[in-house]
Amino acid sequence: MPSTIVLACLLLAASPPDDRPNILFIMSDDHAWQAISQYGADRNQTPNIDRIGLEGMVFDRHFVENSICAPSRAAILTGTFSHLHGVPTNAEKFDGSQPTFPALAQDAGYQTALIGKWHLKSEPVGFDHYQRLIGQGLYYGSPMIRNGERIETEGYITDLITDLSVEWLETQRDPDRPFMLMVQHKAPHREWMPGPDHLHDFEGVDLPEPATLFDDYGGRTNASNLQEMTIREHLRPVDLKLEMPEWMMKMSEADRAAWDAAYQPKNAALESLELEGDDLIRWKYQRYAKDYLRCIASVDDSVGALLAALDESGLADNTIVVYTSDQGWYLGEHGWYDKRWMYEESFRTPLLIRWPGVIEPGRRTELLSQNIDLAPTFLAAANVPVPDRMQGESLMPLLKASSDESVEDIGWRDALYYRYYESEGPHKVPKHEGVRTRRYKLIHFTDLELVELYDLDLDPDELNSVADAVDYASVRARLEDLLVELRAQSQSPGRTVRLSGS
Ligand code: CA
């Protein structure tokens with residue numbers, strides 16, 4: 001072989017082009033799937049988030065393993081259930097030495113970055129660059145930690161996270177390596193403070209009320225009566241923008257003037273209203289839900305800006321774009337705000353993925369997926385071995401398939417396990433675990449020794465538990481067996497006795 005050809009072969013072998021896909025992971029905090037138009041939202045529009053699904057894939061049955069912020073973030077990073085990643089409630093500190101997909105991707109040659117909310121008490125591990133909020137952060141003028149150093153910032157946090165992320169893509173990205181960028185918004189977390197661009201959205205509009213706004217929980221066990229998360233009783237004056245303490249108002253003069261122009265007339269008009277009973281609940285719902293949706297509008301703008309940056313840089317074709325939330329949310333359903341429960345509004349969470357050339361545009365799936373699946377999926381996409389410790393399943397077969405039927409032929413899970421641990425602290429939601437199949441959901445309130453069973457085909461709003469209905473006795477027995485089996489599979493602590501004692 002001529003020596004020049006040998007040399008060329010050696011050079012090629014030494015540095016093959018790294019064409020592994022980039023990963024742009026966008027996560028918001030507390031985004032109800034009911035507030036995304038691709039999921040049938042009747043109160044707002046999210047054209048940019050929708051675009052990810054229309055050009056890619058929408059997951060209609062995507063769930064969390066524990067519906068609360070820090071545990072879900074840790075589950076996404078590690079691909080494991082809460083008891084294994086060590087953050088079962090918002091109180092624990094995340095141990096960053098355990099295997100996470102960003103650290104493994106970094107080890108495998110990816111350039112990794114995180115911009116936005118972190119909320120895990122320890123410093124991020126596995127990132128070439130990070131700029132994170134401190135704890136929950138602030139909506140305006142939030143201090144941040146950049147690669148270990150505290151910095152002050154100005155402006156509206158959703159817009160700032162967007163600008164920093166676009167800037168990273170444009171100026172700090174290494175063109176010789178694939179990247180994995182996590183853009184993690186604070187919004188639309190409580191206290192739902194809108195940004196300057198959307199302060200007047202929904203003015204003069206009456207948002208539709210959810211059908212279950214005045215739910216009395218009469219068809220459930222007593223568990224639903226124990227919570228403290230009702231629109232009726234538990235929203236605070238700051239949540240309703242009736243009081244604005246100084247710590248929330250670290251704004252520029254211009255932003256402050258715009259804010260006052262939006263809220264002062266509305267609050268002044270309240271003085272002539274005498275609201276009570278259901279009318280007061282309705283007013284609180286409108287005030288709360290509009291501010292929440294205004295926050296979403298800025299998140300949707302952010303997704304638009306990030307997609308545009310990919311288009312303009314020519315990166316879009318080889319970049320996986322993911323939009324998700326750390327859990328779902330009650331936007332007035334069952335009279336609630338917040339999350340935590342295994343009921344559909346908070347157990348289920350948005351997931352939309354675009355991957356040109358792999359996902360057939362416009363696909364939707366009803367197969368069961370869970371937040372612990374994301375880490376194995378990203379590693380599989382990056383051609384990195386998935387550690388045995390990870391408990392989720394790679395979604396790669398779903399992404400590549402043209403229909404759910406073709407995935408079912410090769411086998412896919414037919415049930416999911418859920419566990420919620422934080423009964424102390426805010427909102428007093430009792431501890432529970434449960435199992436969901438395509439049609440049924442069994443919830444076991446572990447300390448209360450109460451069981452609820454829902455037939456989701458007939459009762460999608462979960463208003464009438466059929467746990468004690470004779471017609472459902474065999475379904476209940478089967479789901480109790482399944483709960484014991486999935487609890488053991490997940491290695492979760494707990495009793496192994498039959499719940500019904502039969
Ligand atoms: Ca959250």
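**Figure 1. Cys 295 and the absence of disulfides in the predicted model.** The cysteine sulfur closest to that of Cys 295 belongs to Cys 69. The two sulfur atoms are 14 Å apart, which is too far for a bond. A disulfide needs the two sulfur atoms within 2.5 Å. Searching the whole structure turns up 0 disulfides. Cys 295 has a relative accessible area of 0%, so this residue is buried. Cys 69 is buried as well, with a value of 1%.

**Figure 2. The calcium ion and its protein donors.** Cys 69 supplies its SG atom to the calcium ion. The other donors are OD atoms of Asp 29 and Asp 30, two OD entries from Asp 326, and OE1 of Gln 327. Donor distances run from 2.2 to 2.7 Å. The 6 donor atoms make angles of 52 to 161 degrees, and the site is irregular. Six octahedral donors would ideally give angles of 90 or 180 degrees.

**Figure 3. Chain segments that meet at the calcium ion.** Along the chain, the donors are spaced as D-D-x38-C-x256-D-Q. Asp 30 and Gln 327 link distant parts of the chain, 297 residues apart. Asp 30 sits in the loop between strand E1 (22-28) and helix H2 (47-54). Gln 327 sits in the loop between strand E9 (319-325) and helix H9 (344-347). Where do these two donors stand, buried or exposed? Asp 30 has 0% relative accessibility, so it counts as buried. Gln 327 also counts as buried, at 0%.

**Figure 4. Helix H8, residues 277-313.** H8 has 37 residues. At 1.5 Å a residue, the helix should span 54 Å. Its end C-alpha atoms lie 55 Å apart, which agrees with that expectation. How many of the 37 residues are buried? The count is 26, so H8 is mostly covered, with buried meaning under 20% relative accessible area. After H8 comes Gly 314, with a positive phi near 75 degrees.

**Figure 5. Gly 392 and its contacts.** Gly 392 lies in the loop between helix H10 (374-381) and helix H11 (396-400). At 12% relative accessibility, Gly 392 counts as buried. Leaving out residues up to four places away in sequence, Gly 392 touches Gly 79, Ile 372, Asp 373 and Pro 376. Thr 377 is 15 residues from Gly 392 along the chain, and their C-alpha atoms are separated by 8.7 Å.

Note on methods:
Residues numbered from 1 in each chain as written. Predicted model: local features only at pLDDT ≥ 70, side-chain atom pairs only at ≥ 80, totals over all residues. Heavy atoms only, no water. Donors = N, O, S within 2.8 Å, 3.2 Å for Na, K, Ca; no water. Tetrahedral: all angles 85-135°; square planar, octahedral: opposite > 155°, others 65-115°. Helix = DSSP H or I, 4+ residues; strand = E, 2+ residues; numbered from the N terminus. Buried < 20%, exposed > 50% of the residue type's maximum accessible area, 1.4 Å probe, protein only. Contact = heavy atoms within 4.5 Å. Expected span 1.5 Å × (residues − 1).
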